[in-house]
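Here are a few exercises to work through with the model open beside you. Try each task before reading its solution.

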Amino acid sequence: MDHQKYIRNFSIIAHIDHGKSTLADRLIEKTGLVAERDMKEQYLDNMDLERERGITIKLQTTRLVYKANDGQEYILNLIDTPGHVDFTYEVSRSLAACEGAVLVVDATQGVEAQTLANVYLALDENLEIMPVLNKIDLASARPDECKEEIEEVIGLDASEAPLISAKTGQGVDELLEELIRVIPAPEGNEDGKLKALIFDSKYDNYLGVIIYARIFDGKVKKGDMIKLMSTGAKYEVTEVGYCAPGLVPTKELRAGEVGYICGSIKQVADARVGDTVTLANDPADEPCPGYKKVQSMVYCGIYPAEGEKYESVKDALEKLQVNDAAFNFEPETSQALGYGFRCGFLGLLHMEIIVERLEREFNLAVITTAPSVIYKVVKTDGEVIMLQNPSNLPAPQEIDHIEEPMVKANIMIPNEYVGSIMELCQQRRGTMKHMEYITPTRVQLHYDMPLNEVIYDFFDALKSKTRGYGSLEYELDRYQKSDLVKLDIMLNRELVDAFSMIVHSSNAYQRGRFVCEKLKEIIPMHQFEVPIQAAIGQKIIARETVKAYRKDVIAKCYGGDISRKKKLLEKQKEGKKRMRQFGTVEVPQEAFTAVLKYDDNK
Amino acid sequence: MSFGVYIHVPFCRSKCPYCDFYSVLIRDKEIKEKYTDAAVKEIRSFKRYFRDDAEHAFIKQEPDSIYFGGGTPSLLEPIRIKEMIKACDDTFGREDDREVTLEANPGTVDADSLKGFKAMGVNRLSIGVQSFDDQILKKLGRTHKTEDSLKAFEEARLAGFENISIDLIFGIEGQTMESWEDSLKKALELDPEHISLYSLEFMEGTVFTRMLMEGRMKETDPEEDRKMYERAAEVLTEAGYVHYEISNFAKPGYESRHNLKYWDLDDYAGFGPGAHSYMTDDDTGYGQRFYHAGDLEGYLRDPLSVTFMEPNGYADDMQEFTITALRRSSGISKSEFEERFGQDFWGFYGDLARLQFKSFVDTGHAAEDEDNIRLTLKGFNVSNQILSLFV
């Protein structure tokens with residue numbers, strides 16, 4: 001069991017922008033894994049999308065070798081965690097694979113709600129937490145105050161917290177030494193029955209599904225028959241190894257280690273995060289605790305855009321699903337958009353990511369309809385429908401009542417924004433449970449809120465109203481009876497079912513007006529006038545009109561203009577492709593999401 | 001197929017803030033001479049240049065049009081124009097009944113220079129009047145006034161020009177319908193053979209576009225702009241002009257022979273910095289576009305060195321033909337299209353385009369009969385929407 005003495009398995013917990021990825025980069029650099037010239041900024045965020053948005057979506061894990069001051073070489077397994085509220089479950093499983101966590105706190109900003117949420121997740125898993133203060137090189141850093149905050153808010157002793165700058169590398173050596181001292185070595189039973197926790201999995205064209213796992217007990221090697229404990233499915237191991245961060249095959253993985261296991265598994269959904277890997281002929285008595293199948297919280301329709309094939313979209317969605325167990329879809333049809341798919345996501349960000357990947361990685365043009373949560377519709381005959389698509393809402397006379405999902409939302413903000421955020425929450429039908437001052441200047445608000453208010457644009461509004469300082473985390477709490485109505489949108493007097501949404505009756509007018517105004521901005525002028533109407537049942541509650549005509553400049557077109565003119569027309573045609581024809585009205589595809597976006601002026 | 005020559009004269013006294021044609025401010029007399037020498041050299045090298053390159057052996061007939069565009073070609077002395085015309089004659093041969101156009105700006109010509117241009121072989125003038133409203137002229141950054149335009153036109157007639165075109169711009173912020181109607185009226189009083197109308201366009205890289213971005217200028221209300229266009233079409237048609245192309249009106253028989261080449265996808269050879277050419281490649285049968293960089297210095301060093309080439313492919317010629325030919329009120333003859341390209345018109349564009357075009361016919365924006373398709377005046381107003389079906 002000697003080898004475990006020199007292993008440390010840890011995660012980094014941080015709020016967005018507090019420097020997690022930069023610190024990870026610095027650690028990789030310090031431990032000499034990647035030559036400095038090969039360092040891309042933020043090495044672990046390997047999707048372009050992630051680097052662009054500055055967030056980590058998909059987990060990355062990497063093994064670092066560090067020669068400590070005591071002369072020993074230590075293996076440090078850094079298990080990265082996704083950085084968004086949509087991915088809480090994945091975070092919890094990553095944390096479960098560790099003995100400790102480095103808590104990075106921005107010394108200029110202090111503790112944020114999301115940091116707290118992750119700290120609690122880590123404490124739940126009995127992790128040793130080591131606070132670190134980052135961005136110490138900035139003039140506005142206030143380490144002493146932050147330490148106090150950590151002690152007060154979380155109750156952790158922060159007096160020994162290393163002061164570092166992940167950007168400049170200052171203090172990183174001290175951090176590594178402290179990490180070895182503070183975070184416990186794993187204490188698994190190498191001779192026990194194999195018990196490995198899946199904390200991530202991804203699909204590879206050559207290897208099939210790659211399982212990222214933490215071995216708690218026993219060992220696993222190529223040729224072993226493994227069993228996934230939640231499904232009982234068995235596979236022969238084709239390769240094991242560790243991540244450095246590329247895949248490096250090895251002979252076997254032993255208790256205490258972190259690495260990958262391949263076994264010709266066809267899709268990620270067969271090796272779900274949180275499941276336990278054991279040996280088929282000598283299984284563990286019980287799985288690692290905490291497995292659950294993640295539930296989609298947000299649904300929307302995804303439809304092929306004009307000129308795009310249904311089959312290509314289906315293929316792409318299947319490929320994405322292979323790689324993302326939290327994403328699911330099934331076919332559906334819309335009167336307006338034809339054949340498409342109803343897709344389930346963890347949250348709005350997850351949805352945006354999938355849509356962007358369809359566009360970028362598969363070069364597909366798709367239309368997404370208004371996201372919706374799942375409503376519980378109780379019919380007069382007693383039947384209960386779990387409604388994912390607003391246009392499937394039964395006729396009003398058949399409905400006894402509708403229930404909507406409620407969440408517990410924790411919002412952390414600087415105290416000067418309390419007024420405006422309370423107003424925002426009230427607009428979004430939130431009920432305040434309580435409010436606490438974490439420090440004299442930081443406030444945490446606990447709200448009971450409908451999920452459908454949270455998914456639309458609440459997060460954007462919160463960020464906008466608090467100049468980016470506000471943070472949010474939420475969890476599903478219960479279903480609650482509510483006064484909900486279906487809001488329909490009509491273009492040129494024809495109902496476009498893809499715009500239908502379910503809203504609270506108190507918001508219906510406001511929402512209807514907003515959507516009409518937005519569509520008026522987005523729909524180009526036609527050769528005729530286009531009325532835009534919002535309706536509840538037969539009752540029109542808002543109306544706008546797009547004026548007729550979009551004039552073209554009566555421009556010259558001589559010898560040197562022809563190529564340019566052609567390009568212009570091609571662009572216009574391209575733009576037209578992104579339009580969707582509804583009867584005689586052309587609607588740009590972005591209209592479907594634009595009507596949901598938060599607008600400061602509205 | 002006919003063939004035309006375009007010569008770009010890249011000099012101006014001042015830069016107009018809306019114009020994106022290549023030109024430089026004129027500094028001294030010598031530069032005009034140097035430029036002319038370079039242009040003559042380029043013209044004279046033309047046949048050899050292409051013949052040497054066996055792959056692009058163009059064999060051309062005599063040009064029936066020579067067009068001096070700019071910039072401000074009227075800033076050159078008549079003798080310089082003569083040198084270039086002579087170079088063309090020597091190189092390509094001389095067609096007696098040819099059109100030789102010179103763009104002239106009011107304020108840069110006088111009775112003598114106009115007589116000179118006429119004597120050197122120029123037989124068509126295109127005068128950059130732009131407006132007969134001094135306030136609008138100021139707004140457009142023009143250095144001339146209405147009286148200069150009137151004077152230039154009168155002197156041109158006296159010099160013996162019997163084919164004169166004038167340019168007018170509309171859709172300018174602050175321009176009223178009254179001002180526009182007044183400009184049209186004054187234009188008709190002069191009784192020119194040809195009138196070109198342009199809606200102010202915000203071209204990339206111009207001062208106006210920058211001002212637009214910075215919010216210091218506004219685009220005209222499209223509705224207002226459309227009304228001005230329709231009003232002009234009405235007034236000019238009534239006065240006997242033929243609306244033969246989206247932006248162009250002519251008395252019968254006075255259509256610009258040169259500009260028709262652009263809309264008929266005929267060959268034209270462009271000389272001078274910033275000039276464009278379109279030449280059919282005899283080997284492939286497809287067109288090729290050439291253009292000179294807008295780089296006077298480079299051109300003066302070696303007039304042959306700064307050419308770029310964009311060979312057209314199978315579909316390009318048909319598409320370019322369609323989007324330019326539909327700018328003409330006569331539209332496209334489907335049988336001629338088939339004869340020229342060996343493709344059935346709708347067979348090439350497909351059923352979707354045909355259906356979409358049909359919807360424009362239904363709304364009166366376009367017309368289609370047995371052999372002909374064309375845009376109507378109503379269609380000219382939304383031409384980009386319709387033309388984009390064909391790219």
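**Exercise 1.** Which residue just after H9(A) takes a positive phi?

Solution. This is a predicted model, so let's go straight to the backbone angles. Just past the end of H9(A), look at A:Arg429: its phi is positive, at about 65 degrees.

**Exercise 2.** Work out why the buried residues of H9(A) end up on the same side of the helix.

Solution. Start by finding them: within H9, which spans residues 418-427 of chain A, the buried residues are A:Ile421, A:Leu424 and A:Cys425. Next, check their directions around the axis: they cover an arc of only 95 degrees, so they sit on the same side of H9(A). Now flip to the face turned away from that buried side, where you'll meet the exposed residues A:Gly419, A:Glu423 and A:Gln426. Finally, ask what the buried residues pack against: three strands of chain A, namely S22 (399-414), S23 (431-439) and S24 (442-450), plus helix H10 (451-465).

**Exercise 3.** Find how many residues of chain A are in contact with chain B, and sort them by character.

Solution. Count the contacts first: 22 residues of chain A touch 35 residues of chain B. Then sort the chain A side: nine are charged, eight nonpolar and five polar.

**Exercise 4.** Describe chain B in terms of its helices, strands and burial.

Solution. Tally the elements: chain B has 15 helices and 17 strands. For burial, 44% of its 391 residues are buried. Last, take the contacts in chain B with a separation of 6 or more: 69% of them join residues 24 or more positions apart.

Notes: Residues numbered from 1 in each chain as written. Chains lettered and ligands numbered in written order. Predicted model: local features only at pLDDT ≥ 70, side-chain atom pairs only at ≥ 80, totals over all residues. Buried ≥ 20, exposed ≤ 12 C-beta atoms within 10 Å, placed from the backbone. Helix = DSSP H or I, 4+ residues; strand = E, 2+ residues; numbered from the N terminus. Arc of directions from axis to C-beta. Contact = placed C-beta atoms within 7 Å. Nonpolar A, V, L, I, M, F, W, Y, C, P; charged D, E, K, R; others polar.
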